[in-house]
Each structure stands twice: as C-alpha cells, then as structure tokens.
Amino acid sequence: MSKIFMNLRNIKIYNLFWLVALIILVIGLIQTNNEDTTFDINIHDTYFVIAHFYIALFLSLTYYLIGLGYWVVQKAMKRKLINVLTIIHSVILNGSFLVYWLVIGYSKAFFETPFPLFDNHQLINQTLVILSILILFVGQPIYIINLIIGIFKKQKKAIS
C-alpha cells in the first residue's frame, strides 16, 4: 500500500493537468453523439449557440497549456515553484472540474422533469457561475503569480 502512495507522490503537476485535458477531450467526443450537443448562452436579445465539442476542445487546450506552463518552468527552466500555490491552483482547477461533473450527475439522477419543454438547469448554471468566478479570480491569478515567482526567484547555489 505504501508503494502506491509513493508512486502517487511522484506524479508531476503538469502530468495531472495533461491527464485532465485528455479526459475533457474524451468526454467532448462522447458527448457529440448525444442529442443535445449545444451550449446556449442568452445575453439580452442575442443567443450564442456553441457545440459541446468546441467547448471541450477549448477547455482541453486550456488545461494542456496550463500543464505546459508548469512543465516549462519546472523541467525546461529547472526552477522550483511554490508548492502551496501549486497545490491550491491544482485543487481549484481540477477540483472544479470534478465538482461540475458531480453536479451534472446529481442533477440528471434526481432532477428529471416529465415535461420536455421545461428544463430545470438552475443548479448546473449556479455551479458553473460559482466555479468560473473561483477559477478566474482566485485560481488563475495564483497560477500566474506562482509562475512569475518561479521564473524570477533566485536559485540557491549548490555548496561545493
């Protein structure tokens, strides 16, 4: 059992983000076969209709680029990041991904309506808004600050 936990400690943060990017892409490909494959945004008199696949593609690319940012700083530049900021950012982004899908599953399991023209997506919409605010105003600034500190922080010289 301890070998499993030791192997989990060796997982790098950029690999975690790349794994989530792959999962998002697979979910997007699976969802394209669904009958309701669009995401509709209504702003006053304008409707924006976006296919689920394009949203999944955008989110997958975003998670991939975040992982690439971590990889560049940690591997290519061989810089250390602040572990607390890295963990907070990872928990916010990957946790919000997990929470969103748990809310989707919960709403599909318990909030089915027999009337097809009335969709009760209030819980999903509220969750999406809260998670978006959390990601944009807390998670991403932490990511940017962490990368900037990692890039410009002086490295300790090795004692010879």
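A nonpolar core is a set of buried Ala, Val, Leu, Ile, Met, Phe, Trp, Tyr and Cys residues joined through side-chain atoms within 4.5 Å. Keep that in mind as you work through these exercises on a predicted model.

**Exercise 1. Describe the chain as a whole.**

Start with the elements: the chain has five helices and two strands. Next, put them in order. From the N terminus the pattern reads α-α-β-β-α-α-α. Then turn to burial, where 23% of the 160 residues are buried. Last, look at contacts between residues at least 6 apart in sequence: 74% of these join residues at least 24 apart.

**Exercise 2. Find the largest nonpolar core and say which helices supply it.**

First, the size: the largest nonpolar core has 17 residues. Within this core, the residues with the most contacts are F17, I24, Y63, I66, Y70, L93 and L147. Now trace the suppliers. At least two residues of this core come from each of α2 (13-31), α3, α4 and α5 (122-152). The helix that gives the most is α2, with six residues.

**Exercise 3. Work out how α3 packs against α4.**

Begin with the axes. Helix α3 (residues 52-76) and helix α4 (residues 83-110) have axes that come within 13 Å and cross at roughly 165°. Angles over 145 degrees count as roughly antiparallel, so α3 is roughly antiparallel to α4. The crossing of α3 past α4 is left-handed.

Now pick out the residues that touch. From α3 come Y63, I66 and Y70, and they meet T86, H89, L93, N94, S96 and F97 of α4. Sorted by class, the residues of this contact are five nonpolar, four polar and no charged.

**Exercise 4. Repeat the analysis for α3 and α5.**

Here the axes lie 10 Å apart, and the two helices pack at an angle of about 20°. An angle under 35 degrees counts as roughly parallel, and α3 and α5 are therefore roughly parallel to each other. Once again the crossing is left-handed as α3 passes α5.

The α3 side of the contact is made of L65, I66, G69, Y70 and V73, which meet Q140, Y143, N146, L147 and I151 in α5. By class, that gives seven nonpolar, three polar and no charged residues.

To finish, follow L147 on its own. Setting aside neighbours within four places in sequence, L147 is in contact with G69, Y70, V73 and L81. L147 is also one of the residues with the most contacts inside the largest nonpolar core.

**Exercise 5. Decide whether T86, T127 and L134 are buried, partly exposed or exposed, and name their contacts.**

You need two cut-offs: buried means under 20% relative accessible area, and exposed means over 50%, with partly exposed in between.

- *T86.* This residue is in helix α4. Its relative accessibility is 8%, so T86 counts as buried. Beyond neighbours within four places in sequence, T86 is in contact with I13, Y70, L81 and N146. The C-alpha atoms of T86 and L147 are 9.3 Å apart, although 61 residues separate them along the chain.
- *T127.* This one belongs to helix α5. With a relative accessible area of 11%, T127 is buried as well. Leaving out neighbours within four places in sequence, T127 is in contact with V99 and V103.
- *L134.* Helix α5 is the place of L134. At 34% relative accessibility, L134 falls between the two cut-offs and counts as partly exposed. Its contacts, again without neighbours within four places in sequence, are I92 and G139. From C-alpha to C-alpha, L134 and L93 are 8.8 Å apart in space and 41 residues apart in sequence.

**Exercise 6. Say what to look for in the backbone at K78.**

Locate the residue first: K78 is in the loop between α3 and α4. Then recall the background. Most residues other than glycine have a negative phi. Now check the value here: phi of K78 is near 55°, which is positive in a residue other than glycine. Finally, ask how accessible the residue is. The relative accessibility of K78 is 61%, so K78 counts as exposed.

Notes. Residues numbered from 1 in each chain as written. Predicted model: local features only at pLDDT ≥ 70, side-chain atom pairs only at ≥ 80, totals over all residues. Heavy atoms only, no water. Axes fitted to C-alpha atoms, helices over the stretch in contact; angles between N-to-C directions. Helix = DSSP H or I, 4+ residues; strand = E, 2+ residues; numbered from the N terminus. Parallel < 35°, antiparallel > 145°, perpendicular 65-115°, else oblique. Left-handed = near helix turned anticlockwise from the far one by under 90°. Contact = heavy atoms within 4.5 Å. Nonpolar A, V, L, I, M, F, W, Y, C, P; charged D, E, K, R; others polar. Buried < 20%, exposed > 50% of the residue type's maximum accessible area, 1.4 Å probe, protein only.
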